[in-house]
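The following exercises concern helix packing, aromatic rings and charged side chains, and each task is followed by a solution worked in steps.

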Amino acid sequence: IQRTVARPLKVPPTRPEYLCDVVASSDIGVVQKPLTLWERLVNQAWLRKLFILVVIATGWQLYALQLNNPLLVPTFTATIEAFWTAMMNGDLPQKVANSVLLLLKGYAIGLVLAMLFTALAMMSKIGNDLLETLTSAFNPLPAIALLPLALIWFGLGEISIIFVLVHSVLWAVALNTHSGFRSVSNTLRMVGRNYGLRGPRYIAKILIPAAFPSILTGLKIGWAFAWRTLIAAELVFGVSSGKGGLGWYIYENKNMLDIPAVFAGLLTVILIGLIVENFIFRNIEAVTVRRWGMQS
């Protein structure tokens, strides 16, 4: 008979599964430090830009006072006074309206043609060769250089200016859009083809959203080129169909040696550029490429 001797069981030592050290809240310190007033102001982009503009205006005023020659550089205050006077008598708003309306016509036609050329380039090799050839040939050609030919072909009127505006917009927008389309990844292209997308539907649903940052850059460049071309064209041959624009306003006041009014016209050109960039294109960026995570 074998006796079984009971051996004491070895109980493993008890240890906590989790180590929890209680730390007093006073020992942690500040978890979230509130921003100071200066830090909150610095984080506002519009305030930083306003500060830059104030610095430029101050430097302009001091330089003009030191120069003391209103025929060369009027003071900033004299320019603002001339700007306000022209706005109140309705002369400057009418000139701005004439220029902007003419600009929108040429800009819209240029965008439509750019989209057609780019779509054709993406749908066929011949279209691609056509766009690359035309872009290489006409993009380096200044739009204002075509103005004498436009005057011969279309006469002294709006059509001549619209023609040079279309030239300034078309190739810049088409070049950036085509470059954006070609930079779309092959993965996205294959996804579109797997879903059976072809032709215009493939461009609208795959290529345009993926290439929109480049397209938006082209829109900005086209707008800047068109704006500069319009002012230059109005300075060259003045009134279009009996209506003068900003360029004509600058030219008229230059002939009358009203230099503060000339600077007021130039200031208006700058202000319109700032408004378009910071309120129109910036909002388009906010609801598209930034919302999609394509830009920071």
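**Exercise 1.** At what angle do helix H5 (residues 91–123) and helix H8 (residues 158–182) pack, and how far apart are their axes? Classify the arrangement and describe the residues of the contact.

*Solution.* In this predicted model, the axes of H5 and H8 lie 7 Å apart and the two helices pack at an angle of about 40°. Angles under 35 degrees would count as roughly parallel, and those from 65 to 115 as roughly perpendicular; H5 and H8 are therefore oblique to each other. The crossing of H5 and H8 is right-handed, and the residues of their contact divide into 20 nonpolar, five polar and two charged.

**Exercise 2.** Determine whether the ring pair of tryptophan 223 and tryptophan 227 is stacked or tilted, and relate the pair to the helix that carries it.

*Solution.* The ring centres of tryptophan 223 and tryptophan 227 are 6.2 Å apart, with 15° between the planes. Because planes under 30 degrees apart count as stacked, the pair of tryptophan 223 and tryptophan 227 is stacked. Both residues belong to helix H11 (residues 212–237), where they are four residues apart and so separated by about one helical turn. Tryptophan 223 is buried at a relative accessible area of 11%, and tryptophan 227 is likewise buried, at 6%.

**Exercise 3.** Which salt bridge joins lysine 105 to a glutamate, and which parts of the chain does the pair link?

*Solution.* The side chain of lysine 105 meets that of glutamate 158 in a salt bridge, at 3.3 Å from N to O. Lysine 105 is in helix H5 and glutamate 158 in helix H8, 53 residues apart, and the pair thus links distant parts of the chain. As for accessibility, lysine 105 is partly exposed at 34%, and glutamate 158 is also partly exposed, at 23%.

**Exercise 4.** Which residues are joined with lysine 220 into one network of salt bridges? Begin from the bridge between lysine 220 and glutamate 277.

*Solution.* The closest N and O atoms of lysine 220 and glutamate 277 are 3.6 Å apart, which is a salt bridge because the cut-off is 4 Å. Lysine 220 lies in helix H11 and glutamate 277 in helix H13 (residues 259–287), 57 residues apart in the chain. Salt bridges that share partners then join Lys220 and Glu277 with Arg282 and Glu285 into one network. The whole structure holds six salt bridges.

Key:
Residues numbered from 1 in each chain as written. Predicted model: local features only at pLDDT ≥ 70, side-chain atom pairs only at ≥ 80, totals over all residues. Heavy atoms only, no water. Phe/Tyr/Trp six-rings, centres within 6.5 Å; stacked < 30°, edge-to-face > 60°. Buried < 20%, exposed > 50% of the residue type's maximum accessible area, 1.4 Å probe, protein only. Axes fitted to C-alpha atoms, helices over the stretch in contact; angles between N-to-C directions. Parallel < 35°, antiparallel > 145°, perpendicular 65-115°, else oblique. Left-handed = near helix turned anticlockwise from the far one by under 90°. Nonpolar A, V, L, I, M, F, W, Y, C, P; charged D, E, K, R; others polar.
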